[in-house]
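I sat down with this one to see how its strands, helices and buried residues fit together. Here are my notes, in the order I looked things up.

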Amino acid sequence: MLSDVYFPRVNGVSTSIKTFRRCLTDLSHEVFLIAPAYGPHDEKDERLFRIPSRYLLIDPEDRILRKKEVLRLQNTLAELAIDIVHIQTPFIAHYSGLKLARLLDVPCVETYHTHFEEYLYHYLPLLPKSIVRTVTRWFTRQQCSEVDALIVPSQAMLEVAKEYRVNTPIEIIPTGIEERFFNGCDKTHFRTQHGIGEDRPVLMHIGRVAHEKNIGFLLEVLALVRQTIPDVLLVIAGQGPALGALKKQGKTQNLQHNLLFVGYQEREKALLDCYCAGDVFVFASRTETQGLVLLEAMALGVPVVSTAMMGTKDILQPGKGALIAQEEPNDFAGKVIELLRNPQLREQLAQEGRAYGRSWSPQTMARKMVSCYQNVLAARHPMN
């Protein structure tokens with residue numbers, strides 16, 4: 001696997017890679033990963049190659065792999081008898097992965113985790129949307145045509161690929177929910193740590209604090225909910241380029257006493273406690289290709305209020321632990337207020353969510369991935 005991002009950089013791609021690596025290893029496969037070096041806190045293991053990297057100007061959280069350093073691993077990978085190259089991101093990792101696959105004479109697959117047509121509007125605001133759309137579609141179509149198979153995490157992304165006229169074989173393989181999300185958490189510990197009263201109504205949002213996550217809309221919702229429930233608190237866990245704008249918006253709307261930013265949470269334990277500290281998990285992203293945080297919240301028994309757009313449509317279903325809201329402040333706020341005032345409904349959704357989360361087994365998804373690899377290898381080397 002090659003990726004332009006991995007832990008300690010926290011996002012859905014890092015989570016997906018780690019989950020699949022763990023499950024594929026459990027199935028007795030060897031999975032090597034090439035990822036950027038971030039610093040002294042990098043996770044290390046013998047099958048993880050950290051590559052020297054440079055800062056990305058538009059987002060200081062990210063790094064740019066050095067292609068020459070990646071290609072220097074050719075002989076090492078040849079000695080390891082690599083069977084397949086799996087690209088996880090469409091930047092340097094894509095072009096390095098293609099080159100390595102050709103040098104090693106093995107097939108290459110790619111997972112498309114991000115809907116860049118929507119994502120890039122927020123980072124190239126000076127360009128007309130029509131130009132961004134045209135360039136993004138051409139770029140995606142070109143990259144997808146260069147690999148032997150394409151993997152997408154949701155039906156929505158499959159439809160996007162078809163709209164782009166991608167002709168490469170495509171499979172839908174989402175990321176599953178790790179078992180530890182069903183083993184409980186400590187709500188009281190997180191609340192005590194952050195000075196949040198045990199009975200205070202808490203809305204929780206976990207994820208990268210980026211413009212495409214539409215968190216500003218949630219602040220508008222918070223302002224409406226506060227009119228009915230004055231002590232409501234919205235906790236935002238994460239970091240990202242929109243943090244400054246959101247703090248400014250919160251101050252402008254006089255939400256300082258109803259808004260708490262807590263940064264990234266350590267994933268193995270602190271993150272679980274963070275989820276469970278919320279009475280309701282709120283989400284309104286327009287660009288999710290899957291929406292893994294929704295499944296994680298549900299698995300932990302935290303009821304969800306969310307819009308259903310892009311990949312979240314695959315997750316959000318009636319009777320599955322969530323209330324689906326429109327991207328309209330009054331409708332969304334009304335559903336949040338309904339949940340906060342109705343503990344019986346919250347418990348009902350919590351039970352539904354836990355049961356629903358169990359159906360997203362990471363082992364099942366890993367077996368689907370193995371099947372995809374086998375099909376690609378069989379196509380490359382058909383039996384005579």
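What follows is a set of short entries on a predicted model.

**Entry 1: the sheet**

I began with the strand order. I found an open sheet of 6 strands, in the order 11-10-9-12-13-14, with parallel pairing. I then checked where the sheet ends: strand 11 (259-261) and strand 14 (322-324) are the edge strands, each pairing on one side only. From one strand to the next, the twist averages 25°.

I also wanted to know what packs on the sheet. Helix 14 (residues 329-341) does, and it touches strand 9 (202-206), strand 12, strand 13 and strand 14. I noted its direction too, which makes about 175° with that of strand 13.

**Entry 2: strand 9**

Next I went to strand 9 and asked how many of its residues are buried. The count is 5 of the 5, so the strand is largely enclosed by the rest of the structure. I sorted the side chains by direction: Val202, Met204 and Ile206 point one way, Leu203 and His205 point the other way, and all are buried. That matches the textbook picture, in which side chains of a regular strand alternate between the two faces of the sheet.

I looked up the pairing on each side. Strand 9 is joined to strand 10 (residues 233-237) by 5 bridges, and the two run parallel. Within that pair, Val202 has Leu233 of strand 10 as its bridge partner. To strand 12 there are 2 bridges, again with parallel strands, and here the bridge partner of Leu203 is Val280.

I followed the chain onward as well. Strand 9, helix 9 (residues 215-228) and strand 10 form a β-α-β unit, and it is right-handed.

**Entry 3: strand 12**

I moved on to strand 12 and checked both of its faces. Both are covered: Val280 and Val282 sit on one side, Phe281 and Phe283 on the other, and all four are buried. Phe281 stands opposite Met204 of strand 9.

Which strand do 3 bridges join to strand 12 (residues 280-283)? It is strand 13 (residues 304-306), and the two run parallel. I wrote down two of the facing residues: Phe281 stands opposite Val304, and Val282 stands opposite Val305. To get from strand 12 to strand 13, the chain passes through helix 12 (residues 292-299), and I logged this β-α-β crossover as right-handed.

**Entry 4: nonpolar cores**

I then asked which residues have the most contacts inside the largest nonpolar core. They are Met204, Tyr275 and Phe281, in a core of 61 residues. I listed what Met204 touches beyond its neighbours within four places in sequence: Phe190, Leu234, Val235, Cys274, Tyr275, Ala277, Gly278, Val280, Phe281 and Val282. There is also a second, separate core of 33 residues, which includes Leu323, Ala325, Val336 and Leu340.

**Entry 5: Asn214**

Asn214 caught my eye in the loop between strand 9 and helix 9. Its phi is near 60°, a positive value in a residue other than glycine. Is Asn214 buried or exposed? It counts as buried because its relative accessibility is 11%, under the 20% cut-off.

I checked what the side chain of Asn214 does: it reaches the backbone oxygen of Ala284 at 3.0 Å. Outside its neighbours within four places in sequence, Asn214 is in contact with Ala284, Ser285, Arg286 and Glu327.

**Entry 6: Val70**

I took a look at helix 2 (residues 67-71), where Val70 sits. Val70 is buried, with a relative accessible area of 0%. Setting aside neighbours within four places in sequence, I found Val70 in contact with Leu2, Ile34, Ile51, Leu65, Ser96 and Leu100. I also noted the C-alpha separation of Val70 and Ala35: it is 9.0 Å, for residues 35 apart along the chain.

**Entry 7: backbone geometry**

Last, I went through the backbone. The peptide bond from Phe7 to Pro8 is cis, with omega near 15°. I placed Pro8 in the segment before helix 1 (12-26). Asn254 has a phi near 60°, which is positive in a residue other than glycine. I found Asn254 in the loop between helix 10 (243-252) and strand 11.

Conventions: Residues numbered from 1 in each chain as written. Predicted model: local features only at pLDDT ≥ 70, side-chain atom pairs only at ≥ 80, totals over all residues. Heavy atoms only, no water. Pairing = 2+ DSSP bridges. Axes fitted to C-alpha atoms, helices over the stretch in contact; angles between N-to-C directions. Contact = heavy atoms within 4.5 Å. Buried < 20%, exposed > 50% of the residue type's maximum accessible area, 1.4 Å probe, protein only. Right-handed = clockwise from strand over helix to strand, strands pointing away. Polar contact = N/O pair within 3.5 Å; in protein donor to acceptor, adjacent residues only side chain to side chain. Core = buried A, V, L, I, M, F, W, Y, C linked by side-chain atoms within 4.5 Å.
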